[in-house]
Amino acid sequence: MDFAGALSPDHLTFLLEGFWVTVKVAFISIILSFLIGGIVGILRYASIPVVSQVLAVLVETIRNLPLLLIIFFTYFALPEIGIKLDIMYAAIAALTLFESAMLSEIIRSGLKSIEKGQIEAARSSGLTYVQTLNHIILPQALKRMVPPIVSQFISLLKDTSLAVIIALPDLMHNAQIVYAQKDAYIIPIIFTVALMYFIVNYCLSLIARRLEIKQA
Amino acid sequence: MLDFTILTENFDIYLEGYKTTIIASLIALVASFLLGTLIAVFRIAPFKPLNWLGTVYVEFIRNIPLLVIVFFFFFGLRFSGPVAGATGLTIYTAAFIAEAIRAGILSVPKGQMEAARSSGLTYGQTMRLIILPQAIKIVIPPLGNQFINLVKNSSILGVVAGLDLMYHADLISSRTYVTFDVYIFVALFYLSLTIPLSLGVGYMEKRLAKSN
Amino acid sequence: MLKKKSFFKLALVSMVAVLILAACGSKEEKTSGSGEESKNALEQIKDRDKIIIGVKHDTRLFGLKNPSTGEVEGFDIDIARQLAKEIVGDENKIEFKEVTSKTRIPLLNNGDIDAIVATMTITEERKKEVDFTDVYFEAGQSLLVKKGSKIKSIEDLKKGTKVLAVKGSTSAINIREKAPEATVLEFENYAEAFTALKSKQGDALTTDDAILYGMADEDPSYELVGGTFTEEPYGIAVKKGNTELVDALNDGLKKLRDSGKYDEIHDKWIKE
């Protein structure tokens, strides 16, 4: 094992460059997934005929497939329907597709957790359905959803590593290039990569926990 | 339309991968359940060093990608592809299972433990006879979800020459120069495993909700 | 019970949904093959004033992203730059996209890249999928082993020996024919395959000698053995039917050879 050689300044910069791609991809994906997942979750919660069923089928299908397959699929399928994306945006599209399905379920169950009595009370006091959703249900549900959404973001950061199969220049990809140089680099680099992920994700999970305690 | 000759001509190859995916998932399922239970017990045992050990395990493993763990076993410890994959899956999933089981145990009111202990049962007996039977009910749905994740995550074997469904799909695709159709069939193979599991979990959730 | 039934329905419908999605996708694929974009790819490049080339990022001497500088460098890269100079008039009017052996043909057919300059062997099978230029490099498949290994040539690949290769490469297909008793394990890219060899996941790594020289150059405790056992003429691949682009690239290659620029690039990277 050659920790000093493996972690030379050049290599560290190269790894951090990769990590920056990881963070960027995960961050953009989580925001997009929150928007899309939110809309899908609300539409499913509202049980609009046909729309809800179609969404249910899509969400269930995506949730039951390996992310690795979805990444590969999106990367090659998107161009076939005329959408040409850079590797980074293709990775974002794939992760967003998968995470939206995951988040829509979190959001739907968050909405469902609000007692029916509140909705009835709001409606009978003269609010419309949309007003009730906006002022009564969403604010409460959102609060409850924050911790699971943060843990979903942690998953996303971890899952970005799977985009190595489409050659996204993320942390894992750059790590592979570094440790392919020398066998003595393999274990030091794998530990360093694990540590980088751990530090960021652990901080995020601490934030999630603090939010959970505040609410309780 | 979908080219079914891809499926029929390569059926044996698909099947071989399918078998490995199922076997690796089953082994990892049993192993991660055992390891996860052990770590959950560590985390709640009335002995501080064990608590710390359990906490460090769960916090570290949950916060790093599965791929990094699998690469560690494959490149670092030089396990063969399928073994590195199954070991990585076990280590990774155990952390999540431990958390699910711990949450289940903690959800049983504390008073019960005290009552049982004061009526003369040992710690082990109380766990086995009073706490665990109640905890299992609460734990089954989240455990089921972890197992579904495990089956999906087993596709990681494909990256380390683990001879699973994903790996064989890559081989078919590089020999036939067909991408889309090859992976659609792979998707169906995965769904044939995960959808029944999801249905099972959903069904259990409903039955348990009713019985309460 | 009713709920359970609806769950099953859901499952069934989702299966059908995947099939329909697939059907649509496949249809698109067929129409895009003969679309207008393939007709005037050369004009498209000129309009865009930039050529997009798929290259390797993990293949020393041919296309390697240098961890120290972040630049991609190698024989393929220099050749591609010179061709960009011939076609769009400037060696910097070029965009490199990383491809692997597994991803390059789908990327080309999807229109993500104009051409592949990525250690790609011209084969009859591939000619059905893409069009190739003239040969721009002569390689041959060989074996890389740890120095002192018992394996001296392809004849030593007996039952029980493990040979490592890369998904989607011709060498993975060839080795199964030439050494049918050996177990072949395939990886995503050369970096992963070489790391696997170092981690003793296999007894030998097989691919084109040119790529293997790069690995032996990187880590001198590995060496090539047994000479070459196939001929691997490298060509530049473009989407099927793009004759104008093939002609333009062939003209460019010829000019490079005539001007001596080709030999200059060859000697810079390939030392034998």
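**Exercise 1. Work out how S10(C) and strand S11 (residues 183-187) of chain C pair, and over how many bridges.**

Solution. Start with the pairing itself: S10(C) and S11(C) run in the parallel sense, joined over 5 bridges. Keep in mind that we're looking at a predicted model.

Next, pin down the register. Put your cursor on Lys162(C) and look across to S11(C): the residue standing opposite is Thr183(C).

Now trace how the chain gets from one strand to the other. S10(C), helix H7 (residues 170-178) of chain C and S11(C) make up a β-α-β unit, and that unit is right-handed.

**Exercise 2. Find what links S10(C) to S12(C), then say why S10(C) is largely enclosed.**

Solution. First, the link: S10(C) and S12(C) run parallel, with 2 bridges between them. For the register here, go to Val163(C), which has Ala204(C) of S12(C) opposite.

Second, the burial. Strand S10 covers residues 162-166 of chain C, and 4 of its 5 residues are buried, so the rest of the structure largely encloses it.

**Exercise 3. Give the strand order of the open sheet of 5 strands in chain C, and name its edges.**

Solution. Read across the sheet and you get S5-S1-S6-S15-S7 in chain C, with mixed pairing. The edges are strand S5 (94-98) and strand S7 (130-132) of chain C, since each of these pairs on one side only.

Then zoom in on one neighbouring pair. Strand S6 (residues 115-116) and strand S15 (residues 237-239) of chain C are antiparallel, with 2 bridges. A handy landmark is Ile116(C), which faces Ala237(C) in S15(C).

To put this in context, chain C as a whole has 11 helices and 15 strands. Of its 272 residues, 50% count as buried. Among the chain C contacts between residues at least 6 apart in sequence, 70% join residues at least 24 apart.

**Exercise 4. Val50(A) and Lys200(C) both have a positive phi. Where does each sit, and is each one buried or exposed?**

Solution. Why bother with these two? Because most residues other than glycine have a negative phi.

Take Val50(A) to begin with. Its phi is near 65°, and you'll find Val50(A) in the loop between helix H2 (9-45) and helix H3 (51-63) of chain A. To settle burial, count neighbours: Val50(A) has 7 C-beta neighbours inside 10 Å, so it counts as exposed.

Now Lys200(C). The phi is about 60°, and the residue belongs to the loop between helix H8 (190-198) and strand S12 (204-208) of chain C. The count gives 12 other C-beta atoms within 10 Å. The cut-off for exposed is 12 or fewer, so Lys200(C) is exposed too.

**Exercise 5. Describe the fold of chain B, then check the UniProt features against it.**

Solution. Begin with the elements: chain B has 9 helices and 0 strands. Its C-alpha atoms fill a box of roughly 70 × 45 × 20 Å along the principal axes. Of the 212 residues in chain B, 48% count as buried. For contacts in chain B with a separation of 6 or more, 74% come from residues 24 or more positions apart.

Then bring in the record. An unreviewed UniProt entry puts "transmembrane region" at residues 20-44, 56-77, 89-108 and 182-204 of chain B. Check two of those spans:

- Residues 20-44 of chain B are 100% helix, and the end C-alpha atoms lie 36 Å apart.
- Residues 182-204 of chain B are also 100% helix, with 34 Å between the end C-alpha atoms.

Last, the wider annotation. The UniProt entry, again unreviewed, gives "domain: ABC transmembrane type-1" for residues 18-201 of chain B. That stretch is 83% helix and 0% strand, and its end C-alpha atoms are 22 Å apart.

**Exercise 6. Locate the largest nonpolar core and say which helix gives the largest share.**

Solution. The core has 208 residues, and those with the most contacts inside it are Leu69(A), Ile71(A), Ala91(A), Ile166(A) and Val186(B). Helix H5 (residues 87-112) of chain A supplies the largest share, 15 residues. Over in chain C, domain 1 (38-138 + 233-269) and domain 2 (141-230) both give residues to this core, so it lies between them.

For a close-up, pick Ile71(A). Leaving out residues up to four places away in sequence, Ile71(A) touches Ala91(A), Ala94(A), Leu162(A), Ala163(A), Ile165(A) and Ile166(A).

Technical notes:
Residues are numbered from 1 along each chain as its sequence is written. Chains are lettered from A and ligands numbered from 1 in the order in which they are written. This is a predicted model: local features need pLDDT of at least 70, side-chain atom pairs count only at pLDDT 80 or more; totals for chains, interfaces and linings use all residues. A residue is buried if 20 or more other C-beta atoms lie within 10 Å of its own, exposed if 12 or fewer, and partly exposed in between; C-beta atoms are placed from the backbone. Two residues are in contact if their C-beta atoms, placed from the backbone, lie within 7 Å. UniProt positions are given in the numbering used here, feature names are shortened, and annotations may be inferred rather than shown by experiment. Two strands pair if DSSP finds at least two bridges between them. A crossover is right-handed if, with the strands pointing away from the viewer, the path from the first strand over the helix to the second runs clockwise. A nonpolar core is a set of buried Ala, Val, Leu, Ile, Met, Phe, Trp, Tyr and Cys residues joined through C-beta atoms within 7 Å. Domain bounds come from an automatic or database domain assignment.
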